[in-house]
Structures are given as structure tokens and as C-alpha cells.
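Here are a few short exercises to work through with the model open. Try each one yourself before reading the solution.

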Amino acid sequence: MQDSVELDSVDWQILEELQNDATLPNRVLAERVGLAASSCLQRVRRLREQGVITGSHIDVNPAATGLALEAIVAINVRPHTRQVVDQFREFVMKQPETRSLLHVSGQADFLLHIAVADTKHMQGFLVDKIASRTEVRHFTSSIVLEQLHTKALTPPRHLRPKRRRRS
């Protein structure tokens with residue numbers, strides 16, 4: 001896949017609609033973006049083939065599943081080598097508490113988003129699974145007080161395509 005794909009205004013409308021509701025039937029999506037159903041389907045297929053659309057998902061409320069406590073854990077690992085990073089990433093992504101993991105620059109090496117049942121569960125996860133790892137040098141945790149739903153990725157106004165691509 002190339003780094004960047006040229007998207008027109010209709011492509012962006014399709015992406016916004018699908019990010020807000022990935023379960024939209026093609027017929028409804030086509031109506032919302034002003035295309036024939038067959039043209040809309042072709043565009044969605046092209047966006048998938050080009051790697052712009054990489055999947056679809058549903059949102060699950062962790063509290064409704066008994067995992068009411070969420071936290072962000074900033075973690076430092078040493079040595080910060082490819083092998084250590086890859087092994088740590090693989091380990092963390094296998095943990096059922098993991099919601100997402102970001103490998104970042106700055107003070108922390110990783111930001112880990114977890115969902116747990118309660119503070120005892122969180123303590124066990126942090127002490128038994130994270131702190132016990134030999135490559136983990138330091139970590140801090142912050143309890144999530146409120147999470148606002150992420151919005152659909154859209155280009156900044158000055159980068160928005162003005163028109164449709166000609167087929």
C-alpha cells in the first residue's frame with residue numbers, strides 16, 4: 001500500500017458515514033452520499049483495496065460487561081531495542097485487559113489502555129503482569145474518569161477536496 005491515497009469529497013463522505021456506523025447497508029450509504037448503490041459499492045471496495053478502510057468494528061461498553069474501571073498506563077522499557085519492543089508488544093496485546101497499545105515518543109515508551117473489573121483487578125494486572133516483566137523499568141497509571149467517543153477522521157478544512165473525482 002502506498003503512504004497516501006488521493007481521496008475526493010465523496011470518498012471522505014463515505015469514510016465519515018462508515019466511521020460513524022460501520023453497519024450501514026450499502027443502499028443507505030449510497031443515498032447519504034448521493035451515489036447509485038453500485039457506484040457506492042465500487043468506491044467502498046476501492047477504499048478497502050487501497051488500504052484506506054482496514055476493517056470495521058462495534059463499540060462495547062466495558063462497564064456493561066463488568067469491566068467498569070479503565071486506565072491509561074505509561075510504560076518505559078529498557079533496553080529500547082526492536083526485539084524488546086516486539087516481545088513486549090506481543091505480550092501486552094495477548095492480555096485480556098488490553099484495549100489498545102500505543103508505541104510513542106516522549107517520556108513514556110508505551111501508552112496502554114486497559115479495562116478491569118475493579119482496583120484489585122487493576123493492582124493484580126499491574127503488579128503481576130506488567131511490573132514483573134524484566135524489560136519494564138517504570139510505569140505510571142491514570143484512571144480514566146471520562147471517555148468521550150472519538151469522532152470520525154476528517155481532513156482539516158484547508159485540506160478537504162472541493163469536488164468529486166471523475167470516474
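Helices here are DSSP runs of H or I with at least four residues, numbered from the N terminus. One thing to keep in mind: the model is predicted.

**Exercise 1.** Find the helix that holds glutamate 49, then decide whether this residue is buried or exposed.

*Solution.* Start with the helix: glutamate 49 belongs to H3, which covers residues 37–49. Next, take the cut-off, where exposed means over 50% relative accessible area. Glutamate 49 has 69% relative accessibility, so it counts as exposed. While you're there, look across to valine 5: the two residues are 44 apart in sequence, and their C-alpha atoms are 11 Å apart in space.

**Exercise 2.** Work out how S3 pairs with S1 and with S2, and name residues that stand opposite each other.

*Solution.* Take S1 and S3 to begin with: they run antiparallel and are joined by seven bridges. Here alanine 71 faces isoleucine 114 in S3. Now move to S2, residues 98–103, which pairs with S3 over five bridges, also in the antiparallel sense. On this side, leucine 101 is opposite leucine 112 in S3, and histidine 103 is opposite phenylalanine 110 in S3. Then check the turn: the hairpin of S2 and S3 has six residues between the strands, and glycine 106 takes a positive phi near 110° there. To finish, ask how covered S3 is. Buried means under 20% relative accessible area, and six of the seven residues in S3 (110–116) are buried.

**Exercise 3.** Locate the cis peptide bond that leads into proline 79, and say which elements flank this proline.

*Solution.* Scan the omega angles: the bond from arginine 78 to proline 79 is cis, with omega near -10°. Then place the proline: residue 79 sits in the loop that runs between strand S1 (69–77) and helix H4 (82–93).

**Exercise 4.** Which residues form the positive surface patch, and is lysine 151 buried or exposed?

*Solution.* List the members: Lys151, Arg157, Arg160 and Lys162 make up the patch. Pick lysine 151 and trace the chain, and you'll find this residue in the segment after strand S4 (136–143). Last, apply the exposure cut-off of over 50%. Lysine 151 has a relative accessible area of 73%, so it is exposed.

Note on methods
Residues numbered from 1 in each chain as written. Predicted model: local features only at pLDDT ≥ 70, side-chain atom pairs only at ≥ 80, totals over all residues. Heavy atoms only, no water. Helix = DSSP H or I, 4+ residues; strand = E, 2+ residues; numbered from the N terminus. Buried < 20%, exposed > 50% of the residue type's maximum accessible area, 1.4 Å probe, protein only. Pairing = 2+ DSSP bridges. Patch = residues over 30% accessible without salt bridge, like charges linked within 9 Å, V, L, I, M, F, W, Y side chains within 5 Å. Areas by Shrake-Rupley, 256 points an atom, 1.4 Å probe, with all protein chains shown as cover. Salt bridge = Lys/Arg side-chain N within 4 Å of Asp/Glu carboxyl O. Lys, Arg positive; Asp, Glu negative; His and termini not counted. Charge placed at Lys NZ, Arg CZ, Asp CG, Glu CD.
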